[in-house]
Structure formats: C-alpha cells, structure tokens
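Colleague: Mind walking me through this model? I'd like to go over the fold first and then a few individual residues.

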Amino acid sequence: MRIHALRTGSVRLKHAFLYPHRGVRRQLDLFLPGPWSDPMPIHCWAVEHERRLLLIDTGESVAARNVPFARFEVEPEQELPGALAAAGLSLEDVSEVVLTHHHGDHVDGLTHVRAPARISEAELRFIAMRFPRFMRRVLRQPLPAAFAPQPLSLDGPPFGAFARSAPLSEDRRVVAVPTSGHTPGHISVICVDDEGRHVMLAGDATDSLEQLHARRADAIAPDPGVYVQTLETILAHCAQHPTVYLPSHDPESAQRLAASVTVG
Ligand SMILES: [Zn+2]
Ligand SMILES: [Zn+2]
C-alpha cells in the first residue's frame, strides 16, 4: 500500500474558526474582523492498494470563493491534475473517489475526475436540507456541477473504537468510519499500512492534531457536543491502535505521513 499526500493550494482560517469562544460568540465571531492563521495546506490523499487508486477528497480549485472566515489561495497548476502529477500519478489512474464531506475545498476538484465518487448517506441527506442549502447561497459556495456522488452507507461492523464502518477495499485494510461533527455526515478513512499502523485520513474532523488532543469543536459544527464525542472516539481508537492522524489542513500532516508518526 502507498499513501500519497496531495496538496491543492492553501487556506487561511480566522482564529475565530480555529479557537472559537463558547456560547453565542462561537459563530458570531466568524463574521467579525479578527486575526487569521498562516496559510494551511488543502490536502487530499491518493491510496494505491490492490491495483486500484483511491482518492480521498479532490481538493480545491481556482474557482474557490472566500468566505468571511476562510481565504483560499489556489493556482491553476495546484489543482488536482497538477497535485497528482507531483506525486507521479495521473487522473487516468483514479479508480474511485471517496469524499469526507461536501465542502468546496474537498469536492471542487471533482470537476477533473471521471471515476465514480461516493459520500456518506448522512452527508447527502444533510446537503439536501433547507438550512445548509440557504447557507451555501449566502456564502456563495455552490456545489460543483460535477458533484453527483453515490451514497456510501456505513452499516458495516465496528472498526476499532468506531461503532460502524464501510470497507473500501476487498481485504478491508481501507475502511470508512463515521466522524460526525464538522458536518453531520462527515467520514474519515483509515488505511492499515504494510506495518499494521492505522493511517487516518481525517478530513476536517479537526484542523490539527493539537485540536484533537484539546477536544475542541470548531466554530461551524452544528452540534459541538457531537463533535467532541467524535474526538473522544478518535482518541480511543488511537489508544487501541498505533494511528497516524492526518487532518486535511494540518501543516504537519504530510510530514507525519512521511515519517509514520503515530499519536502519542
Ligand atoms: Zn470542511
Ligand atoms: Zn476543509
């Protein structure tokens, strides 16, 4: 098995997003002036296994529009085709795409992909609801025209600390697990590498390893309680299995993957 970190540009996030206050200011501060983070990577991942190439997320595109709490920096050559080429891969190699959640910095690259895509059933249900549809209009964040994923149901057996799962490979070494919080249908993908380590492609379950240890919900989670419960489950999983934890926007994710650094 080979896992590649692909990078499709950068995003800066407002501190109010990464370190929110509790209570009413948690979401209000997102729309007020405040300090910003340094540029953080927009990663997606390519997993070579069983003679297939599985993409986890597809990254951002130059069409990205800023929102009051996120500023995107993507050059044309940083989009998915260029990011794959930098890893010695090409679009024609892609067998399937699995999306962690529906946000643009994870799905806008679908524009380039002809392979089939899947996203969790719960995320598809959430996307169709009135409030998220309203917010996509207000924030000018339309789903890309190429967005037509099939539903992935996580009705398989428990996997480590996770109550449910969905196998993504024949040998079940690549598995989707529910990580609801950032969005209601958010999933992560765990790959059991050749040494038996669990490499967790965590999407936006958190934005950093520090946030996982701090058990801190982000500012846009519909229910911070659900978010923190998921972080407890991830930490429990990391205690059961040596786990390399890789959020999409953690500046240290690519290095942790390269050096197989597990959560201590
Ligand atoms: Zn997101
Ligand atoms: Zn993201």
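Modeller: Sure, terms first: two strands pair if DSSP finds at least two bridges between them, and helices (H or I, at least four residues) and strands (E, at least two) are DSSP runs numbered from the N terminus. This is a predicted model, where local features need pLDDT of at least 70, side-chain atom pairs count only at pLDDT 80 or more, and totals for chains, interfaces and linings use all residues. Residues are numbered from 1 along each chain as its sequence is written, while chains are lettered from A and ligands numbered from 1 in the order in which they are written.

Colleague: Over how many bridges do strand S1 (residues 2–13) and S4 pair, and in what sense?

Modeller: One of the links is easy to find: Val-11 has Phe-72 in S4 as its bridge partner. S1 and S4 pair in the antiparallel sense, and the number of bridges is 4.

Colleague: Which side chains of strand S4 (residues 70–73) point to the buried face?

Modeller: In a regular strand the side chains alternate between the two faces of the sheet. I call a residue buried if 20 or more other C-beta atoms lie within 10 Å of its own, exposed if 12 or fewer, and partly exposed in between, with C-beta atoms placed from the backbone. S4 alternates: Arg-71 and Glu-73 point to one face and are not buried, while the buried ones on the other face are Ala-70 and Phe-72.

Colleague: Zooming out, what is the radius of gyration of the chain?

Modeller: The chain has 9 helices and 12 strands. The globule rule (2.2 Å times the number of residues to the power 0.38, with the radius taken over C-alpha atoms) gives 18 Å for 264 residues, and the chain comes close to that, so it is as compact as a globular protein of that length, with a radius of gyration of 17 Å.

Colleague: What percentage of the contacts between residues at least 6 apart in sequence join residues at least 24 apart?

Modeller: A contact here means that two C-beta atoms, placed from the backbone, lie within 7 Å. With that cut-off, among contacts between residues at least 6 apart, the share joining residues at least 24 apart is 65%.

Colleague: How many residues are in the largest nonpolar core?

Modeller: A nonpolar core is a set of buried Ala, Val, Leu, Ile, Met, Phe, Trp, Tyr and Cys residues joined through C-beta atoms within 7 Å. In the largest one, the residues with the most contacts inside it include Trp-45, Val-98 and Ala-176, and its size is 52 residues. A second, separate core includes Phe-17 and Phe-69, and its size is 13 residues.

Colleague: In what order do the 5 strands of the open sheet run?

Modeller: The edge strands, each pairing on one side only, are S8 (166–167) and S12 (243–246). Inside the sheet, S9 and S10 pair in the antiparallel sense over 5 bridges, and 4 bridges join S10 (residues 187–192) to S11 (residues 198–201), also antiparallel. The pairing across the sheet is mixed, and the order is S8-S9-S10-S11-S12.

Colleague: Which residue in S10 stands opposite Ala-176?

Modeller: On the S8 side, Ala-166 stands opposite Ala-176 in S9. All 5 of the 5 residues of S9 (residues 174–178) are buried, so that strand is largely enclosed by the rest of the structure. Over in S10, the residue opposite Ala-176 is Val-189.

Colleague: How far apart are the C-alpha atoms of Ser-188 and Ala-202?

Modeller: Ser-188 is in strand S10, and Ser-188 is buried, with 25 other C-beta atoms within 10 Å. Not counting residues up to four places away in sequence, Ser-188 touches Thr-100, Met-200 and Ala-202, among others. Ser-188 and Ala-202 are 14 residues apart along the chain, and their C-alpha atoms are separated by 4.7 Å.

Colleague: Is Arg-140 buried or exposed?

Modeller: Arg-140 is in the loop between H6 and strand S7 (150–152), and has a positive phi of about 55 degrees although it is not a glycine. Of the 9 residues of H6 (residues 130–138), the number buried is 0, so that helix lies largely in the open. With 9 other C-beta atoms within 10 Å, Arg-140 is exposed.
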